[in-house]
Amino acid sequence: MTIMQRIKAELIIFDLDGTLIDSRKDIANSVNYTLKAIGLDPLEDRIITGYVGNGVRGLMEKILFPANSYLFDKGMSIFLDYYAEHLLDNTIFFPGVIETLNYFADKKMAVVTNKPENLSVKTLKGLGVYNYFKAVLGGDSLEKKKPSPEPILKVLSDLNIQKEAAIIVGDGLQDIAAGKGAGIRTCAVTYGFTKTEELTKAEPTFIINSLHELKDRIS
(Lines give C-alpha, C1' and ligand atoms only; values in the text may rest on other atoms or scores of the structure.)
Protein backbone atom coordinates (compact mmCIF):
# COMPACT_ATOMS: atom_id res chain seq x y z
CA MET A 1 0.00 0.00 0.00
CA THR A 2 1.35 3.40 -0.94
CA ILE A 3 1.52 6.02 1.76
CA MET A 4 -1.66 7.90 0.82
CA GLN A 5 -3.70 5.20 -0.90
CA ARG A 6 -7.31 5.35 0.24
CA ILE A 7 -9.32 2.32 1.21
CA LYS A 8 -13.07 2.02 0.96
CA ALA A 9 -14.98 1.29 4.16
CA GLU A 10 -18.64 1.25 5.09
CA LEU A 11 -17.95 0.67 8.79
CA ILE A 12 -15.29 2.22 11.02
CA ILE A 13 -14.82 0.57 14.40
CA PHE A 14 -13.02 2.64 17.00
CA ASP A 15 -11.30 1.66 20.20
CA LEU A 16 -12.09 4.08 23.05
CA ASP A 17 -9.32 4.72 25.59
CA GLY A 18 -6.12 5.82 23.89
CA THR A 19 -7.88 6.24 20.54
CA LEU A 20 -10.87 8.55 20.93
CA ILE A 21 -10.30 9.72 24.50
CA ASP A 22 -7.33 10.51 26.71
CA SER A 23 -8.51 8.95 29.95
CA ARG A 24 -5.11 8.40 31.52
CA LYS A 25 -5.49 10.82 34.42
CA ASP A 26 -8.91 9.61 35.52
CA ILE A 27 -7.86 5.96 35.35
CA ALA A 28 -4.66 6.66 37.27
CA ASN A 29 -6.48 8.70 39.90
CA SER A 30 -9.03 5.93 40.35
CA VAL A 31 -6.34 3.27 40.67
CA ASN A 32 -4.44 5.29 43.26
CA TYR A 33 -7.63 6.02 45.19
CA THR A 34 -8.22 2.27 45.25
CA LEU A 35 -4.67 1.49 46.36
CA LYS A 36 -4.92 3.97 49.20
CA ALA A 37 -8.28 2.56 50.26
CA ILE A 38 -6.86 -0.97 50.51
CA GLY A 39 -3.70 0.13 52.28
CA LEU A 40 -1.18 0.08 49.44
CA ASP A 41 1.21 2.71 48.10
CA PRO A 42 0.28 4.72 45.00
CA LEU A 43 1.85 4.14 41.59
CA GLU A 44 3.14 6.63 39.04
CA ASP A 45 0.61 7.52 36.35
CA ARG A 46 2.90 6.24 33.59
CA ILE A 47 3.07 2.79 35.19
CA ILE A 48 -0.71 2.58 35.42
CA THR A 49 -1.12 3.76 31.83
CA GLY A 50 1.14 0.93 30.71
CA TYR A 51 -1.34 -1.55 32.18
CA VAL A 52 -4.38 -0.15 30.33
CA GLY A 53 -5.87 -2.05 27.40
CA ASN A 54 -7.27 -5.34 28.64
CA GLY A 55 -10.19 -4.05 30.66
CA VAL A 56 -10.59 -3.27 34.35
CA ARG A 57 -9.95 -6.84 35.45
CA GLY A 58 -6.73 -7.00 33.45
CA LEU A 59 -5.65 -3.64 34.85
CA MET A 60 -6.24 -4.60 38.47
CA GLU A 61 -4.65 -8.01 38.01
CA LYS A 62 -1.42 -6.41 36.80
CA ILE A 63 -1.45 -4.01 39.74
CA LEU A 64 -2.32 -6.45 42.52
CA PHE A 65 -1.03 -9.84 41.36
CA PRO A 66 0.67 -11.85 42.67
CA ALA A 67 1.69 -10.21 45.95
CA ASN A 68 -1.71 -8.67 46.78
CA SER A 69 -4.07 -11.03 44.98
CA TYR A 70 -6.08 -11.45 48.17
CA LEU A 71 -7.14 -7.79 47.79
CA PHE A 72 -8.35 -8.23 44.22
CA ASP A 73 -12.12 -8.48 44.77
CA LYS A 74 -12.14 -5.56 47.18
CA GLY A 75 -9.96 -3.52 44.87
CA MET A 76 -12.15 -4.20 41.87
CA SER A 77 -15.26 -3.09 43.72
CA ILE A 78 -13.68 0.12 44.99
CA PHE A 79 -12.19 0.97 41.60
CA LEU A 80 -15.42 0.43 39.68
CA ASP A 81 -17.49 2.49 42.12
CA TYR A 82 -14.99 5.36 42.22
CA TYR A 83 -14.21 5.42 38.51
CA ALA A 84 -17.90 5.42 37.60
CA GLU A 85 -18.26 8.72 39.46
CA HIS A 86 -15.01 10.28 38.23
CA LEU A 87 -14.54 9.01 34.69
CA LEU A 88 -15.00 12.47 33.17
CA ASP A 89 -13.09 14.59 35.69
CA ASN A 90 -10.11 15.01 33.37
CA THR A 91 -10.91 12.89 30.32
CA ILE A 92 -10.80 14.71 26.99
CA PHE A 93 -10.88 13.88 23.30
CA PHE A 94 -7.65 13.47 21.44
CA PRO A 95 -7.12 16.10 18.72
CA GLY A 96 -9.25 15.61 15.64
CA VAL A 97 -11.85 13.28 17.14
CA ILE A 98 -14.96 15.45 16.74
CA GLU A 99 -13.89 16.61 13.29
CA THR A 100 -13.29 13.01 12.22
CA LEU A 101 -16.61 11.76 13.58
CA ASN A 102 -18.41 14.56 11.76
CA TYR A 103 -16.50 13.88 8.55
CA PHE A 104 -17.52 10.21 8.55
CA ALA A 105 -21.06 10.82 9.82
CA ASP A 106 -22.51 9.27 6.67
CA LYS A 107 -20.77 5.97 7.40
CA LYS A 108 -21.60 3.42 10.05
CA MET A 109 -19.37 3.75 13.10
CA ALA A 110 -19.04 1.62 16.22
CA VAL A 111 -16.98 1.43 19.40
CA VAL A 112 -15.39 -1.86 20.49
CA THR A 113 -13.50 -1.43 23.74
CA ASN A 114 -12.34 -3.58 26.63
CA LYS A 115 -13.70 -1.04 29.10
CA PRO A 116 -16.94 -2.29 30.72
CA GLU A 117 -19.95 -1.50 28.53
CA ASN A 118 -21.80 0.58 31.10
CA LEU A 119 -18.76 2.77 31.73
CA SER A 120 -18.14 3.10 27.99
CA VAL A 121 -21.71 4.21 27.33
CA LYS A 122 -21.58 6.64 30.27
CA THR A 123 -18.35 8.12 28.93
CA LEU A 124 -19.64 8.52 25.38
CA LYS A 125 -22.92 10.04 26.54
CA GLY A 126 -21.14 12.34 28.97
CA LEU A 127 -18.91 13.61 26.17
CA GLY A 128 -21.87 14.05 23.83
CA VAL A 129 -20.84 11.59 21.11
CA TYR A 130 -22.84 8.46 21.88
CA ASN A 131 -25.27 9.04 19.02
CA TYR A 132 -22.52 8.85 16.41
CA PHE A 133 -22.24 5.11 16.94
CA LYS A 134 -24.49 2.32 15.71
CA ALA A 135 -23.05 -0.10 18.27
CA VAL A 136 -21.01 0.07 21.47
CA LEU A 137 -19.49 -3.17 22.80
CA GLY A 138 -17.49 -3.31 26.01
CA GLY A 139 -15.17 -5.88 27.46
CA ASP A 140 -18.05 -7.51 29.30
CA SER A 141 -20.60 -7.40 26.46
CA LEU A 142 -19.69 -10.87 25.22
CA GLU A 143 -17.95 -13.93 26.60
CA LYS A 144 -14.69 -12.84 24.99
CA LYS A 145 -13.07 -9.44 24.49
CA LYS A 146 -10.24 -8.13 22.33
CA PRO A 147 -7.81 -9.56 21.21
CA SER A 148 -10.52 -12.10 20.40
CA PRO A 149 -12.24 -11.23 17.10
CA GLU A 150 -15.62 -12.07 18.65
CA PRO A 151 -16.73 -8.47 19.41
CA ILE A 152 -15.83 -7.33 15.91
CA LEU A 153 -17.63 -10.26 14.30
CA LYS A 154 -20.68 -9.43 16.42
CA VAL A 155 -20.71 -5.84 15.18
CA LEU A 156 -20.28 -6.95 11.57
CA SER A 157 -23.21 -9.33 11.93
CA ASP A 158 -25.47 -6.86 13.72
CA LEU A 159 -24.81 -4.07 11.23
CA ASN A 160 -24.82 -6.37 8.18
CA ILE A 161 -21.36 -5.35 7.02
CA GLN A 162 -18.98 -7.56 5.06
CA LYS A 163 -15.45 -8.00 6.39
CA GLU A 164 -13.97 -6.35 3.31
CA ALA A 165 -15.92 -3.16 4.06
CA ALA A 166 -14.78 -2.64 7.66
CA ILE A 167 -11.75 -1.30 9.48
CA ILE A 168 -10.79 -1.03 13.15
CA VAL A 169 -8.87 1.98 14.47
CA GLY A 170 -7.05 1.56 17.75
CA ASP A 171 -3.94 2.29 19.78
CA GLY A 172 -3.41 -1.19 21.19
CA LEU A 173 -1.97 -4.50 20.06
CA GLN A 174 -5.27 -6.10 21.05
CA ASP A 175 -7.06 -3.91 18.48
CA ILE A 176 -4.79 -5.03 15.67
CA ALA A 177 -4.99 -8.68 16.71
CA ALA A 178 -8.78 -8.57 16.96
CA GLY A 179 -9.08 -6.92 13.57
CA LYS A 180 -6.77 -9.40 11.90
CA GLY A 181 -8.57 -12.27 13.56
CA ALA A 182 -11.88 -11.00 12.22
CA GLY A 183 -10.46 -10.54 8.74
CA ILE A 184 -10.87 -6.76 8.56
CA ARG A 185 -8.40 -3.97 7.90
CA THR A 186 -6.56 -2.39 10.80
CA CYS A 187 -5.34 1.12 11.54
CA ALA A 188 -2.99 1.80 14.45
CA VAL A 189 -2.71 5.26 16.04
CA THR A 190 0.63 6.23 17.57
CA TYR A 191 -0.59 8.87 20.04
CA GLY A 192 -2.23 6.42 22.47
CA PHE A 193 -0.97 4.05 25.13
CA THR A 194 1.26 1.74 23.04
CA LYS A 195 4.76 2.41 21.77
CA THR A 196 5.03 3.01 18.04
CA GLU A 197 7.66 0.32 17.55
CA GLU A 198 5.33 -2.27 19.11
CA LEU A 199 2.51 -1.20 16.81
CA THR A 200 4.80 -1.40 13.79
CA LYS A 201 5.81 -4.96 14.67
CA ALA A 202 2.12 -5.92 14.80
CA GLU A 203 1.84 -4.98 11.10
CA PRO A 204 -1.48 -3.14 10.89
CA THR A 205 -2.81 -2.20 7.47
CA PHE A 206 -1.54 1.32 8.10
CA ILE A 207 -0.44 3.61 10.91
CA ILE A 208 -1.42 7.22 11.55
CA ASN A 209 -0.03 9.80 13.96
CA SER A 210 -3.24 11.84 14.28
CA LEU A 211 -6.88 10.96 13.80
CA HIS A 212 -7.06 13.84 11.31
CA GLU A 213 -5.12 11.60 8.91
CA LEU A 214 -7.99 9.12 8.77
CA LYS A 215 -9.85 11.44 6.41
CA ASP A 216 -7.07 10.99 3.87
CA ARG A 217 -6.95 7.20 4.19
CA ILE A 218 -10.61 6.14 4.09
CA SER A 219 -13.19 6.84 1.43
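**Exercise 1. State how much surface the protein exposes and what share carbon and sulfur atoms supply.**

Solution. The exposed area is about 10300 Å². Carbon and sulfur atoms supply 49% of that area. Areas follow the Shrake-Rupley method with a 1.4 Å probe, and for residues only the protein chains shown count as cover.

The model is predicted: local features need pLDDT of at least 70, side-chain atom pairs count only at pLDDT 80 or more, and totals for chains, interfaces and linings use all residues. Residues are numbered from 1 along each chain as its sequence is written, and side-chain values use heavy atoms, with hydrogens and water left out.

**Exercise 2. Decide how compact the protein is for its length.**

Solution. Start with the elements: 10 helices and 8 strands. These are DSSP runs (helices H or I, at least four residues; strands E, at least two), numbered from the N terminus. Next, compare radii. The radius of gyration is 17 Å, close to the 17 Å from the globule rule for 219 residues, so the protein is as compact as a globular protein of that length. The radius uses C-alpha atoms, and the rule is 2.2 Å times the number of residues to the power 0.38. Then check burial: 51% of the 219 residues are buried (under 20% relative accessible area; exposed is over 50%, partly exposed in between; 1.4 Å probe, protein chains only).

**Exercise 3. Classify the ring pair Phe 14 and Phe 133, then place both residues.**

Solution. The structure holds 6 aromatic pairs. Rings of Phe, Tyr and Trp (its six-membered ring) pair if their centres lie within 6.5 Å; planes under 30 degrees apart are stacked, over 60 edge-to-face, the rest tilted. Here the centres are 6.5 Å apart and the planes stand at 75°, so the pair is edge-to-face. Phe 14 is in strand β1 (residues 11-14). Phe 133 is in the loop between α6 (117-126) and β5 (135-137), 119 residues apart from Phe 14. Both Phe 14 and Phe 133 are buried.

**Exercise 4. Do likewise for Tyr 33 and Tyr 82.**

Solution. The centres are 4.0 Å apart and the planes at 15°, so this pair is stacked. Tyr 33 belongs to helix α1 (residues 24-37) and Tyr 82 to helix α4 (residues 72-86), so the pair ties together parts 49 residues apart in sequence. Tyr 33 is partly exposed, at 41% relative accessible area. Tyr 82 is partly exposed too, at 21%.

**Exercise 5. Find which ring lies under the charged end of Arg 217.**

Solution. The ring is that of Phe 206, with the charged end 4.3 Å from its centre. The test: NZ of Lys or CZ of Arg within 6 Å of the ring centre and within 35 degrees of the ring normal.
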